[in-house]
Amino acid sequence: MAPPVRTPRQAWIDAALAILAEAGAEAIRVETLAARLGVTRGGFYRQFASRQELLDAVLDSWELRTVDEVRERVEREGGDAKAKVRKAGALTFSPRLLPIDLAVREWARRDPAVADRLRRVDNERMEYLRDLIGTISDDPREVEARAMLAFSLVIANYLITAEHDTGSRAEIIDSAIQFVLK
């Protein structure tokens, strides 16, 4: 008789990330994950000691995807600082990663440990922006302001629903990025 097929740890994490993006951290439950994966709950406990261990792995995966993998890809693909800033923003807040990022931000409003994690991740993102923008300007205050504006722009873009009179949302965002990176 063949040994039972075990659901890989990453499959549980990926399913939890999908639930996080769809319904928030509170909706990440062992029963829900098992049903989504079409397996029994017992398989979960072969991979994780607890729900908290899974939640920590979810945050680890989010951080890896939105900081480490983004930075690695931006650096590998190269370009000048302006192109790298654009690419980092586009990747970090892509349709695949943005819902997870927004869900982590919402989760952080209710969980101090997640808020600490988010702060650390945002600090890493800001440091990378400072490094890139620092090649455009040598004024530390200006670098900080531009980095803040660039970071705020990509996050706020998804929270603001205003219409624009002089172009599409994409055109206005592009103009704003050009303004920040002059």
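**Helices and the salt bridges between them**

In this predicted model, residues 24 or more positions apart account for 60% of the protein's contacts with a separation of 6 or more. A useful way to follow the structure is to begin with its elements and then ask which side chains link them.

The secondary structure comes to nine helices and zero strands, and from the N terminus on the elements therefore read α-α-α-α-α-α-α-α-α. Along its principal axes, the C-alpha trace of the protein spans about 65 × 35 × 30 Å. Of the 182 residues in the protein, 41% are buried, while the accessible surface comes to about 10,500 Å², with 55% of that area belonging to carbon and sulfur atoms.

Charged side chains come next. The protein has 28 positive and 30 negative side chains, and the centres of these two sets lie 4 Å apart. How many salt bridges are counted in the protein? The count comes to 25 salt bridges, and a few of them can be followed in detail.

One of these salt bridges is formed by the side chains of Arg 117 and Asp 60, with a distance of 2.4 Å from N to O. This pair links distant parts of the chain, since Arg 117 belongs to helix 7 (residues 112-133) and Asp 60 to helix 4 (residues 51-77), and the two are 57 residues apart. Are these two partners buried or exposed, or something in between? Arg 117 has a relative accessible area of 15%, which is under the 20% cut-off, and so Arg 117 counts as buried. Asp 60, by contrast, has a relative accessible area of 43% and is partly exposed, because this value falls between the cut-offs of 20% and 50%.

A second salt bridge joins the side chains of Arg 71 and Asp 131, here at 3.7 Å from N to O. This pair, too, links distant parts of the chain, with Arg 71 in helix 4 and Asp 131 in helix 7, 60 residues apart. Arg 71 is partly exposed at a relative accessible area of 37%, and Asp 131 likewise counts as partly exposed, at 41%.

Within helix 7 there is also a salt bridge between the side chains of Glu 127 and Arg 130, at 3.1 Å from N to O. Why might two such side chains be placed to meet? Glu 127 and Arg 130 are three residues apart in helix 7, which means that about one helical turn separates them. An α-helix has 3.6 residues a turn, so residues three or four places apart point the same way. Glu 127 is partly exposed, with a relative accessible area of 39%, and Arg 130 is partly exposed as well, at 23%. Elsewhere, salt bridges that share partners join Asp 60, Glu 63, Arg 117, Arg 120 and Glu 124 into one network.

Helix 8 offers another view of the structure. Its 17 residues (residues 140-156) should span 24 Å at 1.5 Å a residue, and its end C-alpha atoms are indeed 24 Å apart, so the expected span and the modelled one agree. Several residues of helix 8 are buried, including Val 143, Ala 147, Phe 151 and Val 154, and Arg 146 is also among the buried residues of this helix. Which helices do the buried residues of helix 8 pack against? They pack against helix 5 (81-92), helix 6 (98-108), helix 7 and helix 9 (169-180).

Terms used:
Residues are numbered from 1 along each chain as its sequence is written. This is a predicted model: local features need pLDDT of at least 70, side-chain atom pairs count only at pLDDT 80 or more; totals for chains, interfaces and linings use all residues. Side-chain values use heavy atoms; hydrogens and water are left out. Helices (H or I, at least four residues) and strands (E, at least two) are DSSP runs, numbered from the N terminus. Buried means under 20% relative accessible area, exposed over 50%, partly exposed in between (1.4 Å probe, protein chains only). Contact means heavy atoms within 4.5 Å. Accessible areas come from the Shrake-Rupley method with a 1.4 Å probe; for residues, only the protein chains shown count as cover. Lys and Arg count as positive and Asp and Glu as negative; His and the chain ends are not counted. The place of a charge is taken as NZ of Lys, CZ of Arg, CG of Asp or CD of Glu. A salt bridge is a side-chain nitrogen of Lys or Arg within 4 Å of a carboxyl oxygen of Asp or Glu. The expected span of a helix is 1.5 Å times one less than its number of residues.
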